[in-house]
Every structure is written in structure tokens, then in C-alpha cells.
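Visitor: Please choose one part of this structure and take me through it slowly. I would like the cut-offs stated as you go.

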Amino acid sequence: MQCPYCKSEIKAGVKFCSNCGQKLDIAMQESSVSSGSNDPVISHAPPYESSVRTAPGRWFYALSVLILVVGIVSFVLLLINSLGSLDKSLARIAVPGKYDMNLTEKGKYIIFYEYQSLIGDRVYQTGPAIPKMRCNVLSKTTGQPVALASPSMNYSYSFGKSGVAVLEFVVTQPGAYEIAAWYPEGKTGQEVVFAIGKGFQEKIMTTIISCIAVLGGSIVLAIVIFIFTLVKRRRAGQAVL
């Protein structure tokens, strides 16, 4: 290395020239040290960043379809199971006749005229016109009749069996009850089915909401994954071009 002032040979890294005494520039010292060293120089440049965007694989499309299929299957299974549970929650009697029932819960019970029904092996198709019958509910514990009233709402259903609400009553004390129905004196009619249940309409609404939530959630999730994959793959393709 040479002194920039007197051109004398000096050692690398010194602060003053030993010949002329001039102060050497620090940057020149560092440059000279670096240029005179045989050690490799480590670069502190930021790592290389690829400009190519990573696109999600095509299997994300298959995933969205799979989620949709699973949602549809779950919807169907949930609907079948829920309707089966609803069907079992109704007690059915063929009237005219008199029957003893054990009503185990307090609350409002509804009597449905079930014009499409099945009891045992017998199928009933009696038409939607409500028969003009008289009905009575009697507590076998107290011997007192239970007040009957017209339904507070127009309850009806149709899922293999079809029925419409005709009467309702409130049980204040669980226990044994006698339910009877008959045609007025001097009149006759066909045998029909009455179905008695508690909270039936609320159970129907819960079933509908649950099924819609399962199906709707799977559809939304499948669409989100499909659109996300489509957008990401298109942007990745544009970046390559």
C-alpha cells in the first residue's frame, strides 16, 4: 500500500504515514485492509426473494367439492334422523275409541288429526277434511276433565305422515290420562287417527334450522375455498407472465 501524499510504502491499517506523517483516511484504510485480505467477504445483502407467487394446488378444488358432498350427505342424514325422532314423539290412537296414556311431562299438548298415517300394518288415508268428533281428556289421578281448546296456532306437518292440529290442552300434573273421541249421537263416520304430542312444532322448527345450518355452512365453505383457490392460481399465473 502507498501513501496518497508521498507515495511511500506503508503498512495496511496504519493511521499515519511513517514517512510524511500525514493522517490517512479511515475509509481508505478499511478499503486497503479489505483489498489486501485474502479472506472471503461475507455479504450482508438481504436474501433473494422470488417474484414468483406460490399458487395453491388443484386439490383445493377437490376439497371444496368434497366439503359440499359431505354437507349434503350430513343434511340428508340429519333430516332423516330428526324426522324419525319427531315421528316417535307422537302417540297415535285410532278413534272413535277410548285410550289410557301416561303423560310424563308438564306443559301444552297438541292433538293432531293425522289424515295420512300408519298404525301397525294399517295405512290410513282419510282425507284432509277434519271429522266432526267430540273429544275428552280426563285425569285418572284426580278424576277431573282437562280443558280442551282450539290450537293457538295453525300447526301442521307432512313428512310421510300428514296431520293438522285440532285441539290442545295443558297438563299441570304428569300421570295417567284417559283420552276419548267419538261421533255425536246419531252420526257415524270412518275410523281416523289422532296423534298426541308435546312441543312438536318447536321440534320441527329446530330440525329445519339445524338442517339448513349444516347444508348452508358447507355450501358457503365450499364456495369460499373454490374462489380463494381460483383467484390465487390466476394471480400466480399473471405473475409468471
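**Charged contacts and their surroundings**

Guide: Asp87 and Lys161 are both buried, where buried means under 20% relative accessible area, exposed over 50% and partly exposed in between, computed with a 1.4 Å probe and protein chains only. What you see is a predicted model, in which local features need pLDDT of at least 70 and side-chain atom pairs count only at pLDDT 80 or more, while totals for chains, interfaces and linings use all residues. Residues are numbered from 1 along each chain as its sequence is written, and side-chain values use heavy atoms, with hydrogens and water left out.

The side chains of Asp87 and Lys161 form a salt bridge, with 3.3 Å from N to O. This pair connects distant parts of the chain, since Asp87 belongs to helix α2 and Lys161 to the loop between β6 (156-158) and β7, 74 residues apart. A salt bridge here is a side-chain nitrogen of Lys or Arg within 4 Å of a carboxyl oxygen of Asp or Glu, and helices (H or I, at least four residues) and strands (E, at least two) are DSSP runs numbered from the N terminus. Asp87 and Lys161 also belong to a network of salt bridges that includes Arg92 and Glu114. By this rule the count is 7 salt bridges, and two others deserve a description.

Asp100 and Lys140 meet through their side chains at 3.0 Å, N to O. Asp100 sits in strand β2 and Lys140 in the loop between β5 (134-139) and β6, so this salt bridge ties together parts 40 residues apart in sequence. Asp100 counts as exposed because its relative accessibility is 52%, whereas Lys140, at 46%, counts as partly exposed.

Glu168 and Lys108 make another salt bridge, at 3.8 Å from N to O. Glu168 is in strand β7 and Lys108 in strand β3, so parts 60 residues apart in sequence are tied together. Glu168 is buried, with 12% relative accessibility, while Lys108 is partly exposed at 32%.

Aromatic rings also pair in this structure. Rings of Phe, Tyr and Trp (its six-membered ring) count as a pair if their centres lie within 6.5 Å, and planes under 30 degrees apart are called stacked, over 60 edge-to-face and the rest tilted; by this rule there are 6 aromatic pairs. The ring centres of Tyr109 and Phe169 are 5.6 Å apart and their planes are at 10°, so this pair is stacked. Tyr109 lies in strand β3 (residues 107-119) and Phe169 in strand β7 (residues 162-171), 60 residues apart, so that the ring pair links distant parts of the chain. Tyr109 is buried at 6% relative accessibility, and Phe169 is buried at 1%. Phe112, Tyr157 and Phe159 are joined by ring pairs into a cluster.

Tyr109 is also one of the residues lining the largest pocket, among them Ser89, Asn102, Glu105 and Lys198. A pocket is an open set of points on a 1 Å grid over the protein atoms alone where a 1.4 Å probe fits, with protein on both sides within 12 Å along at least five of seven lines, and its lining residues have an atom within 4 Å of a point. The largest pocket holds about 180 Å³ of space, and the largest share of its lining, 3 residues, comes from β9.

Terms used. Grid points are joined across faces, edges and corners, and a volume is the space filled by probe spheres set on the points.
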